[in-house]
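Reader: I would like to learn how to read a structural model with some care, going from single strands to whole sheets and then to individual residues. Could we take the features one after another?

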Amino acid sequence: MEKKKFYITTPIYYPSGKFHIGTAYTTILADTIKRYKELRGFEARLLTGLDEHGQKIQEVAEKEGKTPQQHVDAIAEYAKNLWNIMDIKYDDFIRTTEERHINQVEKIFDRLMENQDIYKGEYEGWYCTPCETYFTETQLKEGKCPDCGRKVKKMKEEAYFFNMKKYTGRLIKFYEENPHFIEPDFRKNELFNNFIKPGLEDLCITRTSFDWGIKVKKDPKHVIYVWLDALVNYITALGYETEDDTLFKKYWPADLQIVGKDIIRFHAIYWPIFLMALNLPLPKKIYAHGFIMMKDGKMSKSKGNVVYPEMLIERYGLDATKYFLLREFSYGQDAVFSPEGFVERYNFDLCNDLGNLLNRTIGMINKYFGGRLPKYTGKINSADENFENQTIATIKQVEEQFENYHINTALEEIWKIISMTNKYIDETTPWVLAKEEKTKELESVMYHLAENLRKVAIMLKPVMEKTSTEILRQLGIEKEEIISWETLEQYNLLKQDIKVIEKGEPLFVRLEIEEEVEAIKERMKK
């Protein structure tokens with residue numbers, strides 16, 4: 001039977017420098033969802049990459065004494081190395097300077113011209129160079145860019161325009177017929193009230209004041225606007241309208257496109273309209289996440305509060321870093337990073353709750369049964385019955401949250417199972433059962449502890465693969481057929497021939513709070 005397909009994308013990143021944890025979060029989230037889908041039997045494909053054209057890149061390269069291509073080549077090498085460190089399982093990394101992209105952008109522009117969606121005129125308006133975006137007078141906030149707060153400058157130049165008004169009614173109708181296209185829902189309301197309801201202006205899609213970009217073939221003094229160039233990467237990466245468009249036919253439309261809230265306008269207004277003009281189906285869902293904030297506001301080098309993923313991974317490991325970022329973000333909301341919060345999550349969630357549960361379980365199976373897992377004897381009392389029922393009910397909640405891409409809530413539900421299992425130890429008091437020689441009851445407790453850890457390991461695999469693998473290894477669980485998602489609601493899969501390791505290494509070693517908080521703060525200053 002052919003696997004179901006799932007196509008997920010991140011925005012292609014703007015190569016201005018190193019990626020902080022906010023940028024990393026987007027890709028970690030996408031990678032986690034891809035891994036979950038694969039665990040559920042999907043053939044999933046993840047696209048990421050770099051948006052390498054535009055005036056800002058040309059200016060940065062000139063200041064560095066480099067050509068724009070040399071600048072973006074260096075950033076591309078850095079980005080791929082970072083994704084390797086973070087074990088991001090992307091299937092394609094597209095750069096907008098690649099011929100496969102450039103050729104198709106040229107064709108798309110010509111096609112839109114032929115369809116009379118593009119016309120030549122003169123643009124005069126306010127332009128924000130860092131955001132590569134034009135704004136009307138009413139869209140400015142106190143005379144500055146509404147997105148980044150920087151100064152804007154008045155621009156006047158010959159340009160080509162895309163007729164956005166032509167598609168406004170069709171876009172509104174699509175929103176009405178697909179209420180979950182944009183999530184969270186309040187983002188859609190913001191877009192509608194701030195941009196669509198007042199009336200969409202036709203979009204300036206070329207520039208003549210710089211030349212670092214894809215040129216209009218029939219009018220080469222014009223460079224194609226970065227947001228037309230960049231957005232179509234999602235289909236050019238699949239070979240759209242090339243000799244080999246197998247991937248495009250297989251994976252488009254995208255199932256999920258993840259973006260930061262600062263670029264939702266481009267993805268939820270411009271991108272759907274471009275697709276409508278090309279007579280292509282729209283993505284099934286666009287999700288805009290919030291920002292990672294610091295206690296004193298946004299991260300900035302001048303404040304000395306920028307956190308890069310490498311600094312956390314080097315000291316605390318990849319799994320701990322991913323867990324913190326995914327757990328802290330509520331769906332669509334901003335999150336706050338603090339050294340204290342990171343260390344607390346590490347100590348309480350990872351060390352105390354999860355790590356301690358595994359160590360206690362391994363230790364007791366070795367102490368009471370020589371390391372051999374007792375057989376499953378069913379639910380021999382009400383405590384076992386309640387324990388199984390509550391666990392299975394919570395597993396269903398975990399699955400529902402994963403399916404809705406609420407990864408932080410899925411992790412909360414997994415930790416409910418971990419807490420429930422730790423509480424089960426305290427309530428059943430296996431040390432008392434051993435002393436009183438209640439062998440049957442003790443066997444049941446040990447079996448249920450191992451079984452719940454098996455379930456936790458499976459559910460954690462998309463988020464913390466190394467940790468998941470280590471839990472299963474320490475429990476002596478190797479058979480593929482008992483570590484699939486489909487086995488989560490079963491309680492009789494572990495056999496007596498399983499032997500746990502004699503003494504497990506701690507999954508996470510407790511951190512000294514003051515020492516580690518200071519260490520993170522020092523790294524933030526560098």
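Author: Let us begin with a strand, keeping in mind that this is a predicted model. In a regular strand the side chains alternate between the two faces of the sheet. In β3, Asp92 and Ile94 point one way while Phe93 and Arg95 point the other way, and all of these residues are buried.

Reader: Which strand does β3 run alongside, and is the pairing parallel or antiparallel?

Author: The neighbour is strand β2, residues 43-50, which is joined to β3 by four bridges, and the two run parallel. As one pair to find on the screen, Thr48 has Phe93 in β3 as its bridge partner.

Reader: How many strands form the sheet that contains this pair, and in what order do they come?

Author: Six strands make up this open sheet, in the order β3-β2-β1-β11-β12-β7, with parallel pairing. The edges are held by β3 (92-95) and β7 (182-183), each of which has a single partner strand, so one side of each is left without a neighbour in the sheet. At the β7 edge, two bridges join β7 to strand β12, residues 286-289, and these strands run parallel. There, Glu183 has Tyr287 in β12 as its bridge partner.

Reader: What is the strand order in the open sheet of four strands, and is its pairing parallel or antiparallel?

Author: Its order is β5-β4-β6-β8, and the pairing is antiparallel. The edge strands are β5 (133-135) and β8 (203-204), each pairing on one side only. Strand β4, residues 118-128, is joined to β5 by three bridges, and the two run antiparallel; Tyr127 stands opposite Tyr134 in β5.

Reader: I should also like to know how to read the backbone angles. Where do I find a cis peptide bond?

Author: Most residues other than glycine have a negative phi, and most peptide bonds are trans. Here a cis peptide bond joins Glu183 and Pro184, with omega about -5 degrees, and Pro184 is found in the loop between β7 and α6 (185-196). The bond from Trp252 to Pro253 is also cis, with omega near 10 degrees, and Pro253 lies in the loop between α9 (246-251) and β11 (256-260).

Reader: What is the phi of Asp87, and where does this residue lie?

Author: Asp87 has a positive phi of about 55 degrees although it is not a glycine, and it is found in the loop between α3 (68-85) and β3. With a relative accessible area of 27%, Asp87 is partly exposed. Thr429 can be read in the same manner: its phi is near 40 degrees, a positive value in a residue other than glycine, and it lies in the loop between α15 (407-428) and α16 (430-435). At 22% relative accessibility, Thr429 counts as partly exposed.

Reader: Why is Thr236 classed as buried, and what does it touch?

Author: The cut-off for a buried residue is under 20% relative accessible area, and Thr236 is buried because its value is 3%. Thr236 has its place in helix α8, residues 233-236. Leaving aside neighbours within four places in sequence, Thr236 is in contact with Ile94, Arg100, His101, Gln104 and Ile108. Ile94 is one of the β3 residues with which we began.

Reader: Is Tyr167 buried or exposed, and which residues does it contact?

Author: Tyr167 is buried, with a relative accessible area of 7%, although it lies in a loop, the one between β6 (153-162) and α5 (168-177). Not counting residues up to four places away in sequence, Tyr167 touches Asp117, Phe162, Ile273, Met276 and Ala277.

Reader: What surrounds Thr467?

Author: Thr467 lies in helix α18, residues 465-474, and is buried, with a relative accessible area of 6%. Apart from its neighbours within four places in sequence, it is in contact with Asp319, Leu354, Leu507 and Phe508. Thr467 and Ala320 are 147 residues apart in sequence and 9.3 Å apart in space, C-alpha to C-alpha.

Reader: How should I read the chain as a whole, starting with how many helices and strands it has?

Author: The chain has 19 helices and 14 strands. Its radius of gyration is 26 Å, close to the 24 Å that the globule rule gives for 526 residues, so the chain is as compact as a globular protein of that length. Buried residues make up 58% of the 526 residues. Of the contacts with a separation of 6 or more, 78% are between residues 24 or more positions apart.

How values were computed
Residues numbered from 1 in each chain as written. Predicted model: local features only at pLDDT ≥ 70, side-chain atom pairs only at ≥ 80, totals over all residues. Heavy atoms only, no water. Rg over C-alpha atoms; globule rule 2.2 N^0.38 Å. Buried < 20%, exposed > 50% of the residue type's maximum accessible area, 1.4 Å probe, protein only. Contact = heavy atoms within 4.5 Å. Pairing = 2+ DSSP bridges.
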